[in-house]
Amino acid sequence: MTKFSDLKLDPKVLKAVEEAGYETPTPIQEGAIPPALEGRDVLGIAQTGTGKTASFTLPMITLLKRGRARAMMPRSLVLCPTRELAAQVAENFDTYARHTKLTKALLIGGVSFGEQDKLIGRGVDVLIATPGRLLDHFERGKLILADVKVMVVDEADRMLDMGFIPDIERIFGLTNPLVRQTLFFSATMPPEIERLTRTFLTNPARVEVARQATASETITQGVVQFKPSRKDRAASEKRGVLRDLIAAEGNDLRNAIIFCNRKVDVDVVAKSLKKHGLDAAAIHGDLDQSQRTRTLDAFRDGTLKFLVASDVAARGLDIPNVSHVFNFDVPGHAEDYVHRIGRTGRAGREGRAFTIATTPGDDKALDAIEQMIGRDVPRVDRPGRADGVKPAPPEADVDAPEGKAEARPARSRRSRSRKKADAAAPAAAPAEEATAAAVEGAPAAESATVEADRAEPEPSEAERAEPPRPQSPASGGRRSSSRGGRGRRSDDEPVVGMGDHVPDFLLRSFA
Ligand code: AMP
């Protein structure tokens, strides 16, 4: 079995890896680190949770150990689609580079330009950035990318979803291909991403790790099918179902992430939970950075119980120890289901994940999920009802007017135009448009709207009596008769496969 010490990493990096508690390299690390250290381009096809961040951070630190950064000229660049991912990479960098003298700057929206300018002005070894913010700095004449020796593109397919490909192309164009080595990571390889790699990577070592199409076997899943009594009450009744589910979990619910498909619902659900006495806060890309960081920190350190979020805000976030995930909405993209429920049951812990599906509206999306994971998600009765416990009443609230809650979020011109530009002529997006569109930090929020109105999750609470729990696949609970059958397997075995690693340092808050 390969050991970290076989990988020719710098001894200082090895020491930090050891201190992080890693024993053996993950497959993506084993595959990507050696070619990266040889100076080759790498195309890593791997998702979050596979250890991919270390697979580019460790060789990067090793490669950069010699040499010094010049003012305004970073020696390496990591591009991430969202602020949170960028912050997470920065945290990884801090961990692995702790025994070196390498310096870094994090360029993300919501942080003042002044501070960031100062750091870059002094010269940094590693620049970690979202594309929009990076281009903002470049436009202001505060940054020169000609000396970038290692460039990392992380989560390229997410960049595509968010309309950032023109920005990425532009950034590639600002670097010197004769100096630059590229480490490129994507969970999937749609044609636009293939094209990008063909254009900008030179004879890359292609390292692919198994796709995560299934969720950890430690996650108990369930879906509550729900039919609103009236269309105009659907949203508030659904929030009632959520509260019932939360209540049913009783003391087993330590904390939870609640996913909504749209930003507007993230806010509404968070407010509604708060109104009902639950300790909830929202996270999505429209919130300012300090608020997002505060909320995440509170959730990580256990002072916040319910995090309500969108897919984009939560994607890639490594928050160990989440006991529950609730899908307030069935995700429109089946693969997001696996990402969402994978926020719980990490590192071999038990987790519970429940989805609220409006019938018949969500039937198709649910089918797609079950097709993808290759099994049925057990149907469970709405807690309270089955047990004779009174379900949560519909809300009299209008935390946001129902109409508003149901409305599609406004799309930014930038997202729309980018999406269009990508679709029409992905290779030839005009630079001006890309620049104008490079609004700092906006990625998370806007991508959510571009991607068929996906939303961000939030936390929920659970302080109620114990109605019957949705069945655990393992314990073979009842299935509700509301299940529309397509002749799928009816076993309730858990699905397997995610294999997350969760080291302690990610429990620390963002600097
Ligand atoms: P990533 O895919 O980069 O988001 O990493 C997922 C998780 O795996 C993070 O919590 C990492 O700290 C952790 N991790 C990375 N490499 C290893 C390793 N070799 N052994 C154990 N955990 C790891």
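The following legends describe close-up views of one chain in a predicted model.

Residues are numbered from 1 along each chain as its sequence is written, and side-chain values use heavy atoms, with hydrogens and water left out. Local features need pLDDT of at least 70 and side-chain atom pairs count only at pLDDT 80 or more, whereas totals for chains, interfaces and linings use all residues.

**Figure 1. Overview of the chain and its confidence.** The secondary structure comprises 19 helices and 15 strands; these are DSSP runs numbered from the N terminus, helices being H or I with at least four residues and strands E with at least two. Of the 511 residues, 62% count as buried, where buried means under 20% relative accessible area, exposed over 50% and partly exposed in between (1.4 Å probe, protein chains only). Residues 24 or more positions apart account for 80% of the contacts with a separation of 6 or more, a contact being heavy atoms within 4.5 Å. The average pLDDT, the predictor's confidence in each residue from 0 to 100, is 77, and 72% of the residues score at least 70. Over residues 397-511 the pLDDT is below 50, although this stretch has 361 contacts in the model beyond near neighbours in sequence.

**Figure 2. The largest nonpolar core, with 37 residues.** A nonpolar core is a set of buried Ala, Val, Leu, Ile, Met, Phe, Trp, Tyr and Cys residues joined through side-chain atoms within 4.5 Å. The residues with the most contacts inside this core are Leu 9, Leu 58, Val 78, Ile 128, Val 152 and Leu 183. Two or more residues each come from α1 (11-20), α2 (27-37), α3, α4 (83-96), β4 (126-129), β5 (150-153) and β6. Apart from this core lies another, of 33 residues, among them Val 124, Leu 143, Leu 160 and Leu 201. Beyond four places in sequence, the contacts of Val 78 include Phe 56, Met 60, Val 89 and Ile 128.

**Figure 3. Thr 53 in helix α3 (residues 52-64).** Thr 53 counts as buried because its relative accessibility is 16%. Leaving aside neighbours within four places in sequence, Thr 53 is in contact with Val 89 and Asn 92. The C-alpha atoms of Thr 53 and Val 89 are separated by 6.7 Å, while the two residues are 36 residues apart along the chain.

**Figure 4. Packing of helix α9 (residues 191-200).** Ile 193, Arg 195, Leu 196, Thr 197 and Phe 200 are the buried residues of α9. They pack against β1 (42-45), α7 (156-161), α8 (165-174) and β6 (181-186).

**Figure 5. The right-handed unit of β10, helix α12 (residues 289-300) and β11.** The crossover is right-handed if, with the strands pointing away from the viewer, the path from the first strand over the helix to the second runs clockwise. Strand β10 (residues 280-283) is covered on both faces, with Ala 280 and Ala 282 buried on one side and Ala 281 and Ile 283 buried on the other. Four bridges join β10 to β11 (residues 306-310) in the parallel sense; pairing requires that DSSP find at least two bridges between two strands. Val 308 in β11 is the bridge partner of Ala 282.

**Figure 6. Backbone geometry in the loops at Glu 155, Asn 203 and Pro 360.** Glu 155, in the loop between β5 and α7, is not a glycine yet has a positive phi of about 55 degrees; Glu 155 counts as buried because its relative accessibility is 4%. Asn 203, in the loop between α9 and β7 (205-208), has a positive phi near 40 degrees and counts as exposed at 59% relative accessibility. The peptide bond from Thr 359 to Pro 360 is cis, with omega near 10 degrees.
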